[in-house]
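Colleague: I have a structure to read and do not know where to begin. Could you take me through it, feature by feature?

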Amino acid sequence: MDEKNEQVTIMKCPLSYLLLDENDEEIAGGEAEVGLDEENLSIYPNFGEALLVPFRDILKIPEDDYKICLTLTSQEKLILSNLGYKYEDFLRVFFKLRNELFLKDLLMHESLKKSGVEADFTYFDESGVEKQKGMCSPCLYDTAIVIIPEKGELIRIPYSEISGIKEEDFALIIDTEWGEKFVFSKMGKQFDSFKYTLSEIINELSLKVQSSLKELLPRANPSIIWRAARFMKEGKAAKRSDLESISPELWTELENKLEIAEVKEEYEFLKSLSRQEKICIGLKRGLLGDLTGEYIWFLIPIYSVNSEEPGNAVAMEATSTEGGGKATYFFRIVSRKDYPNFQDIEDLHKEVDDFIKKINKCMLAINFRREPIYLPDEKLEEPQYQKYQFAIARISELRELRSLFIGRVIHSSPEQWEEDVANLLKFNVSMQDDSEKWKKIANDK
C-alpha cells in the first residue's frame, strides 16, 4: 500500500468473532483482535486469515446483550462479542469513525457553523413513536442540523423543514413539517450558545431569501416579501398559485430571472406542455455557501388524462451546474401501469401535489446533489463513485429519487434539447416497466 494512503489504527482490542454466510452457515470464527481506522474495521484472528471490512460495506449494526451483529453488503453477517470492559468504548469509537466517514460521503459538504456540543436527544417519528434516543453531538451546518448519535447513524434536519422550535425546561424541542419531533436536553453551558447560533442561522437564511425576493420586486412592500418568503424557505419550491395569491408580479419576475440564468427558452418550452398552475419555482443556497450564492430551480409537471399524450413526468432544472453541465431531469409521477387508469384530472392533480412535495423533500435530503440520482448501477462500481453506493444504501430519499428517475436531457443545441425532451416523454408513456430509464447514449455518461 502507498505509505501516504496507509490507514492508522485508532483502536485495537481483543474479542471473539463469527462470520456467517447469507444462509447463516459459519465461514470463520474464533479469538481475534479487532482494529479500527478511519475507514475500516479489521479482524486479526489468532493464526488465521485477517478480514478487512470497509465501513462502506456495513449495512446494519444491531447490538444486544454485548454482541454486535454487522450485516454486510454481501449479505454475510459478522458477529463481534467478548469485548469485555472495552465494549462501550469500542462502540463509541466505531460509530464516531463511521459517522465521520458518513458525513464526508453523504452529500453534506457544507460549512460547519457550530460543533463541540454534547446533548441527550429523543427522536419521535410522524406517528409520535419514539424511534431513537441517547447521547449525541448536534452540529449546525449551513442548511441543516446534523445529529451525530453516540450509538446509531446520523440524522439530517434541513432548516427549511422546521415548522417550530420551542424551549422548555432547558430542552429545545424542534418540530418538522412532516410531523417529526426532536428533543435536545442536557446541553449544560452550551445550551444558550447552541440556541443562539441556531436562531441566527435560520434568520440569516430567511433574510437571504427575502433579500433575493426584494431584488426581484424592488417596489414590493415588506408584507409581500415576508409572506412570499414563507413559501420559499431555503430550498423549498413555491407553487405559482400560492405566490400569485400574494403578488402576480412576483411570479412574473421569478420567470424573468430564468432568462438571466439562460434557461428561459427551456422553461417556456416545458411550460407550454405543462399544467401551468402547478409549476413551482424555488431558491437554493449553493453547496459552497457564500462562494456560490443562491441559484434558482423549478419543477414543471406534465400530465393529462389522455395517456397517449407524452407526460406522466415532472421536469426539474436548477441553474447551478452541479453534476457536470446543464441538464433537465425527469421523474415519473405515477406507476406507468396505473397512469392510463386515471380518467379524472382532479385525481391526477392530487397525485401531482403530493408528488411535488415528495420530490422537494427528497432533494433537500440529498442537498440537491444530482450525480447520485442519474448514475447507472454499473457506473457506481467505479472507484470514484463507490461513495454513492454508501449513500444509496442509507438515504431512503435518494433510493426513491433513483427509482422515480426517468432520464436527463443534456443541453446541447436548443433544437436537439427539445427533440430529446419529446423523445423522453414519449418513451415514458410507451413503457410498462417502471425500472426502464431513458438514455441518450451518445451524449450521456
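Modeller: We will go from the whole chain to single residues. Keep in mind that this is a predicted model.

Colleague: Which helices and strands should I expect, and how many of each are there?

Modeller: The protein chain has 22 strands and 11 helices.

Colleague: How does the radius of gyration of the protein chain compare with that of a compact globule?

Modeller: The general idea is to set the value against the one expected for the chain length. For 445 residues a compact globule would come near 22 Å, and the protein chain has 24 Å, which agrees. The C-alpha trace spans about 70 × 50 × 45 Å along its principal axes.

Colleague: What share of the residues is buried?

Modeller: Buried means under 20% relative accessible area. By that cut-off, 49% of the 445 residues count as buried. The accessible surface of the chain is about 21500 Å², and carbon and sulfur atoms hold 48% of that area.

Colleague: What do the contacts say about residues far apart in sequence?

Modeller: Take the contacts with a separation of 6 or more: 57% of them join residues 24 or more positions apart.

Colleague: How far apart are the mean positions of the positive and negative charges?

Modeller: The chain has 59 positive and 83 negative charges, and their mean positions lie 4 Å apart.

Colleague: Now a single helix. Which residues of helix 10 are buried, and what do they pack against?

Modeller: Helix 10 covers residues 396–404, and its buried residues are Glu 397, Leu 398, Leu 401, Arg 402 and Leu 404. They pack against strand 21, strand 22, helix 7, helix 8 and helix 9.

Colleague: Where is His 411, and is it buried or exposed?

Modeller: His 411 sits in the loop between strand 22 and helix 11. Its relative accessible area is 17%, so His 411 is buried. The side chain of His 411 makes a polar contact with the side chain of Glu 266, at 2.9 Å. Leaving out residues up to four places away in sequence, His 411 touches Glu 266, Glu 317, Lys 326, Ala 327, Thr 328 and Trp 417.

Colleague: Which residues other than glycine have a positive phi?

Modeller: Phe 170 is one of them, with phi near 60°. Lys 186 is another, with a positive phi of about 55°. Phe 170 is in the loop between strand 14 and strand 15, and Lys 186 is in the loop between strand 16 and helix 2.

Colleague: Are these two buried or exposed?

Modeller: Exposed means over 50% relative accessible area. Phe 170 has 63%, so it is exposed. Lys 186 has 65% and therefore counts as exposed.

Colleague: How should I read separation in sequence beside distance in space?

Modeller: Give both numbers for a pair. Lys 440 and Arg 408 are 32 residues apart in sequence, with their C-alpha atoms 8.6 Å apart in space. Asp 242 and Asp 169 are 73 residues apart along the chain, and their C-alpha atoms are separated by 38 Å.

Colleague: Where do Lys 440 and Asp 242 belong?

Modeller: Lys 440 is in the segment after helix 11. It counts as partly exposed, at 23% relative accessibility. Apart from neighbours within four places in sequence, Lys 440 is in contact with Gln 416 and Asp 420. Asp 242 is in helix 4, and with a relative accessible area of 26% Asp 242 is partly exposed.

Methods. Residues numbered from 1 in each chain as written. Predicted model: local features only at pLDDT ≥ 70, side-chain atom pairs only at ≥ 80, totals over all residues. Heavy atoms only, no water. Helix = DSSP H or I, 4+ residues; strand = E, 2+ residues; numbered from the N terminus. Rg over C-alpha atoms; globule rule 2.2 N^0.38 Å. Buried < 20%, exposed > 50% of the residue type's maximum accessible area, 1.4 Å probe, protein only. Contact = heavy atoms within 4.5 Å. Areas by Shrake-Rupley, 256 points an atom, 1.4 Å probe, with all protein chains shown as cover. Lys, Arg positive; Asp, Glu negative; His and termini not counted. Charge placed at Lys NZ, Arg CZ, Asp CG, Glu CD. Polar contact = N/O pair within 3.5 Å; in protein donor to acceptor, adjacent residues only side chain to side chain.
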